[in-house]
Amino acid sequence: FLSSTVRPVDASSAGTTVRVTSVIVHPSYNAGDSSFDVAVLRLASAAPSGSYAQLSSIGTDAAEGAALTVVGFGVTSGTTHTFPARLQAMTDTVLSPSDCNVLAGVTTFSRIICTRNPSAATCSGDSGGGLVRNITTGGVMAPILVGVVSAGGEDCIYAALYSSVYYNALWIASSAGLGAVQPPSADATQL
């Protein structure tokens with residue numbers, strides 16, 4: 001059976017394994033394009049309470065130059081293929097559309113978030129991991145899920161590509177049965 005291990009944002013605990021009852025892949029998914037590289041996992045039971053990232057909505061998208069946190073269980077080096085036992089995290093910086101185009105050939109900027117960390121990047125095994133922006137409101141930090149790991153460099157040191165949660169928010173919320181969410185702005189309307 002398929003299962004998912006649910007962990008709080010701080011990754012301080014081993015997490016709780018919950019059975020997955022279905023996987024819903026975005027209907028516009030295409031392996032050659034990171035735009036719709038998202039899926040919803042329906043769980044057999046509710047995830048345990050804790051501090052989890054919320055879905056991105058209007059005003060919480062990833063701005064150029066923003067420092068974001070990416071988490072995953074991917075290999076930590078392009079030369080070794082050993083997966084870590086604990087969730088890994090690093091800070092990535094959002095690239096400008098022109099830099100993203102030069103480094104990764106991306107032209108669909110409203111649907112893709114492109115980041116780069118000069119010393120590391122997402123790697124094999126990180127796909128599906130989260131790209132999180134921390135927003136503080138009233139003195140309380142709230143992690144917002146802004147992207148889903150789609151692709152990284154072969155040597156784990158190149159630009160990383162993420163499907164935009166902000167762009168896909170309506171489909172994600174509908175598929176997960178979350179109810180109404182704010183729609184994306186006009187320049188990010190889903191096709």
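**Surface, disulfide and cores: reasoning from the cut-offs**

Mentor: The accessible surface of the chain comes to about 10000 Å², and 54% of this area belongs to carbon and sulfur atoms; accessible areas come from the Shrake-Rupley method with a 1.4 Å probe, and for residues only the protein chains shown count as cover. The model is predicted, so local features need pLDDT of at least 70 and side-chain atom pairs count only at pLDDT 80 or more, while totals for chains, interfaces and linings use all residues. Residues are numbered from 1 along each chain as its sequence is written, and side-chain values use heavy atoms, with hydrogens and water left out.

Trainee: How many helices and strands does the chain have, and what makes a stretch count as one or the other?

Mentor: The chain has two helices and ten strands, in the sequence pattern β-β-β-β-β-β-α-β-β-β-β-α. Both kinds of element are DSSP runs numbered from the N terminus, a helix being H or I over at least four residues and a strand being E over at least two.

Trainee: What makes the link between Cys 100 and Cys 114 a disulfide?

Mentor: A disulfide is a pair of cysteine sulfur atoms within 2.5 Å, and the S to S distance of Cys 100 and Cys 114 is 2.4 Å, so the pair meets the cut-off. The structure holds one disulfide, and the link of Cys 100 and Cys 114 is right-handed, with 100° about the S-S bond. Because Cys 100 lies in helix 1 (residues 97-104) and Cys 114 in strand 7 (residues 112-116), the pair ties together parts that are 14 residues apart in sequence.

Trainee: Why is Cys 123 called buried or exposed?

Mentor: Buried means under 20% relative accessible area, exposed means over 50%, and partly exposed lies in between (1.4 Å probe, protein chains only). Cys 123 has 11% relative accessibility and therefore counts as buried, although its place is in the loop between strand 7 and strand 8 (130-137). The C-alpha atoms of Cys 123 and Val 75 are separated by 6.0 Å, with their positions 48 residues apart along the chain.

Trainee: How do you know where Ala 66 and Thr 80 fall on that scale?

Mentor: With a relative accessible area of 18%, Ala 66 is under the 20% limit and so is buried, whereas Thr 80, at 36%, counts as partly exposed. Ala 66 is in the loop between strand 4 (54-55) and strand 5, and Thr 80 is in the loop between strand 5 and strand 6.

Trainee: Which residues does Ala 66 touch, not counting those up to four places away in sequence?

Mentor: Ala 66 touches Asp 92, Thr 93 and Val 94, where contact means heavy atoms within 4.5 Å. The C-alpha atoms of Ala 66 and Val 94, 28 residues apart along the chain, are separated by 5.4 Å.

Trainee: What makes a group of residues a nonpolar core, and which members touch the most others in the largest one?

Mentor: A nonpolar core is a set of buried Ala, Val, Leu, Ile, Met, Phe, Trp, Tyr and Cys residues joined through side-chain atoms within 4.5 Å. In the largest core, of 13 residues, Leu 68, Ile 113, Leu 131, Val 146 and Tyr 162 touch the most other members. Strand 5 (67-72), strand 6 (88-94), strand 9 (140-151) and strand 10 (160-164) each supply at least two residues of this core, and the largest share, three residues, comes from strand 9. A second, separate core of seven residues includes Leu 95, Cys 100, Ile 112 and Cys 114, and the two cysteines of the disulfide are both buried.

Trainee: How do you know whether Tyr 29 is buried, partly exposed or exposed?

Mentor: The relative accessible area of Tyr 29 is 39%, which lies between 20% and 50%, so Tyr 29 is partly exposed. Its place is in the loop between strand 2 (16-25) and strand 3 (39-43).
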